[in-house]
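Please read the points below with the coordinates open, taking each one as an invitation to look at the place it names. They go through selected helices, a barrel and two side chains.

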Amino acid sequence: MLPCHSRFPLRAATAALLLALAPTAVAQPLTCGRFINDTDSAELVLEGPDRGYQIDYSGERSDFLVQLQEGQPQVIDLGSGSIETLKASQRGRVLELGWNRFVLRTPAQCSAPVPHADGSCLADPLHCLADRYDKDTAALEAGCSDGMPALCRDLPGRYRKDAQARQQRDGDDDTGFSEKQRVAMRAYMEKAFDEMDLPALCREDSAVFDEAACRNTLASRPELGEKIADALQGAALAAGMVEVFAPEPERPLPETDRMKLQGYCQARPHGWFCTEVAEQQWDAGDLQHATAALALACTAGDARACAFAPPLQQLGADLAPQAAATLPCGAYVSQAALMDSLRFGDRGLVDMGMGQLRARLENGAIRIRHEQGGDFVLKSLPNGDLLGMDQWTRFQRFQRTPADGDPAHCAPPVQFTEVPLPEDCPKALVDGGAEACCARGSMQGCNVLGTRLGLKGQWEQASVHYLQVCRAGIREGCENLATAQERNGDVDAHGMLQALCQADASGRHVACDLLDTRNWAMMSAGHALEQALQNSGDDADEDIPPARRTPNHKR
């Protein structure tokens with residue numbers, strides 16, 4: 001018998017030996033065929049050991065590659081570039097990918113792996129995507145040409161960055177900022193310079209500005225340099241806030257870049273990528289190339305593109321928007337999308353099925369103001385159809401469809417009296433600037449002040465400032481006032497707008513337009529439901545018996 005003290009070492013040594021002799025765990029072999037997930041709403045098809053595709057619940061197809069990493073198969077989605085581990089069990093008859101579990105429904109013989117050129121993205125997709133966001137433009141274009149749509153989709157953003165870099169090399173340090181952002185940044189820096197008592201020789205707007213002398217001054221006063229660095233950071237934050245208060249639409253890419261993207265789409269069609277190319281072309285007004293890219297996206301499996309492409313292709317030479325002379329009258333129907341039916345009626349009112357909006361003519365375009373502070377934009381076609389041009393109605397063709405109750409003629413639209421929101425407070429985004437401007441009667445200052453309070457959830461206080469702006473006939477103030485009621489049921493924006501409208505004898509105050517076009521009934525129903533839910537929660541609490549008092553309870 002072994003001594004007692006040697007039993008444990010022997011047991012440990014035996015375990016170590018068995019562990020060393022045990023076979024290394026490896027992934028189960030993959031079985032090719034068609035797999036269905038537990039709810040039958042999606043499927044995964046493994047065509048070979050190196051590739052396959054998924055079809056989601058909406059019928060959208062996404063191709064993928066399979067590559068081994070440390071013995072585990074990794075699924076690389078070609079369209080998004082996402083990478084997930086594929087787990088096989090039950091001899092390859094069950095596959096797990098992300099949250100989905102797929103069960104083999106139709107086995108199939110595996111096709112041979114597809115060879116790819118050495119050094120290409122498809123030959124080693126894991127390595128190719130590992131430095132995806134560090135690739136230069138040439139590397140992205142090469143990967144796109146290889147057949148990696150995820151890298152193609154990175155190209156529009158990269159082209160924009162390249163354009164900004166070129167502007168910086170040309171000496172434009174404010175590249176990438178809108179004019180409104182530049183104004184806010186300059187105002188912020190002016191206030192900061194005043195507060196830090198920056199010497200005149202360091203201020204470019206000063207007659208005694210001297211860059212070399214300024215550098216010497218800053219070198220001898222490091223605390224001043226730190227203050228300038230803090231001011232620059234604050235100015236950048238102020239520029240960011242401009243995007244919150246007054247976002248500007250992105251400019252279309254130059255034609256050279258758009259045609260490069262079009263070429264990549266034509267060479268290797270991919271649903272998502274070609275649809276994005278179509279969006280770039282459409283926003284730039286190149287409708288023929290946009291329609292061609294949509295058709296390619298459809299053939300590549302993008303169901304959304306398939307809904308839009310055929311009606312546009314049918315137009316042929318009629319796909320040429322023209323200036324509208326009058327607002328439409330009657331019903332128009334499009335493919336199922338954000339809004340698939342419009343009924344134009346009297347005074348420019350448009351029934352969209354869930355409330356009314358107001359249309360107007362502006363520079364030959366039909367603009368329908370929506371509740372998010374922007375417009376749906378439609379243009380007329382030679383055959384009488386309407387074409388959606390903005391990001392919400394993009395690619396939609398609205399066809400005249402006579403319906404019961406259509407008026408024979410529509411009364412002309414109402415021209416409401418509106419005042420543009422003045423940009424009379426460049427320091428509105430500087431601490432204390434909005435308050436000071438609003439106190440002296442600046443409507444821009446009052447609007448910014450209201451928005452700041454709204455962002456903090458203080459909608460009742462915000463409504464006081466919005467009412468000032470709305471009373472001045474500025475649409476933004478009236479719209480923000482309505483939003484305050486949407487966010488807080490204690491704000492009676494409807495009553496305030498009604499009072500302003502009634503006080504205007506002409507009935508053309510912009511507040512009157514908001515009364516007609518906001519869905520006040522739905523807003524009230526939403527607040528009532530919210531209140532009912534809160535009350536039901538309070539009642540539920542009352543059903544719970546109070547806890548027994550202990551000596552620690554305060555009386």
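Which residues of α8 are buried? The points below begin with that helix, and throughout it should be kept in mind that this is a predicted model.

1. In α8, the buried residues are Asp257, Arg258, Leu261, Gln262, Tyr264 and Cys265. They cover an arc of only 160° around the axis, which puts them on the same side of α8. Glu255, Thr256 and Ala267, by contrast, are exposed and lie on the other side of the helix.

2. The length of α8 can be checked against its residue count. The helix comprises the 13 residues 255–267, which at 1.5 Å a residue should span 18 Å, and the end C-alpha atoms are indeed 18 Å apart, so the expected and modelled values agree.

3. Helix α3, residues 137–146, can be read in a similar way, with Thr137, Leu140, Glu141, Gly143 and Cys144 buried. These residues cover an arc of only 160° around the axis, and therefore lie on the same side of α3. Just after the helix, Gly147 takes a positive phi of about 115°.

4. A closed barrel of eight strands runs in the order β9-β10-β11-β12-β13-β14-β15-β16, with antiparallel pairing. Within this sheet, neighbouring strands are turned against each other by 30° on average, if direction is ignored. Helix α17, residues 510–517, lies across β11 (349–351) and β12 (356–362), and runs at about 130° to β12.

5. The pairings of β16 deserve a residue-by-residue look. Strand β9, residues 330–333, pairs with β16 in the antiparallel sense over two bridges; here Val333 stands opposite Gln399, while Tyr332 stands opposite Arg400. Strand β15, residues 386–388, is also joined to β16 by two bridges and runs antiparallel to it, with Leu386 standing opposite Phe398.

6. Where does Arg397 lie, and what does its side chain meet? Arg397 belongs to strand β16, residues 397–400, and its relative accessible area is 8%, under the 20% limit, so the residue counts as buried. Its side chain makes a polar contact of 2.7 Å with the side chain of Asp385, and a polar atom of the Arg397 side chain also lies 2.7 Å from the backbone oxygen of Pro311. Leaving aside residues up to four places away in sequence, Arg397 touches a set of residues that includes Leu312, Gln314, Leu315, Val333, Ser334, Gln335, Asn383, Leu386 and Leu387. Among these contacts, Val333 is the residue that stands opposite Gln399, and Leu386 the one that stands opposite Phe398.

7. Is Glu418 buried or exposed? Glu418 is partly exposed, because its relative accessible area of 35% falls between the limits of 20% and 50%. The residue lies in the loop between β16 and α12 (433–439). A polar contact of 2.8 Å joins its side chain to that of Arg475, and Glu418 also touches Arg369, Gly473 and Val510, residues up to four places away in sequence not being counted. The C-alpha atoms of Glu418 and Arg508 are separated by 8.7 Å, although the two residues are 90 residues apart along the chain.

Conventions
Residues are numbered from 1 along each chain as its sequence is written. This is a predicted model: local features need pLDDT of at least 70, side-chain atom pairs count only at pLDDT 80 or more; totals for chains, interfaces and linings use all residues. Side-chain values use heavy atoms; hydrogens and water are left out. Helices (H or I, at least four residues) and strands (E, at least two) are DSSP runs, numbered from the N terminus. The expected span of a helix is 1.5 Å times one less than its number of residues. Buried means under 20% relative accessible area, exposed over 50%, partly exposed in between (1.4 Å probe, protein chains only). The arc is that of the directions from the helix axis to the C-beta atoms. A polar contact is a pair of N or O atoms within 3.5 Å; within protein, one must be able to donate a hydrogen and the other to accept it, and residues adjacent in sequence count only if both atoms are side-chain atoms. Contact means heavy atoms within 4.5 Å. Two strands pair if DSSP finds at least two bridges between them. Axes are lines fitted to C-alpha atoms, for helices over the stretch in contact, and angles run from 0 to 180 degrees between N-to-C directions.
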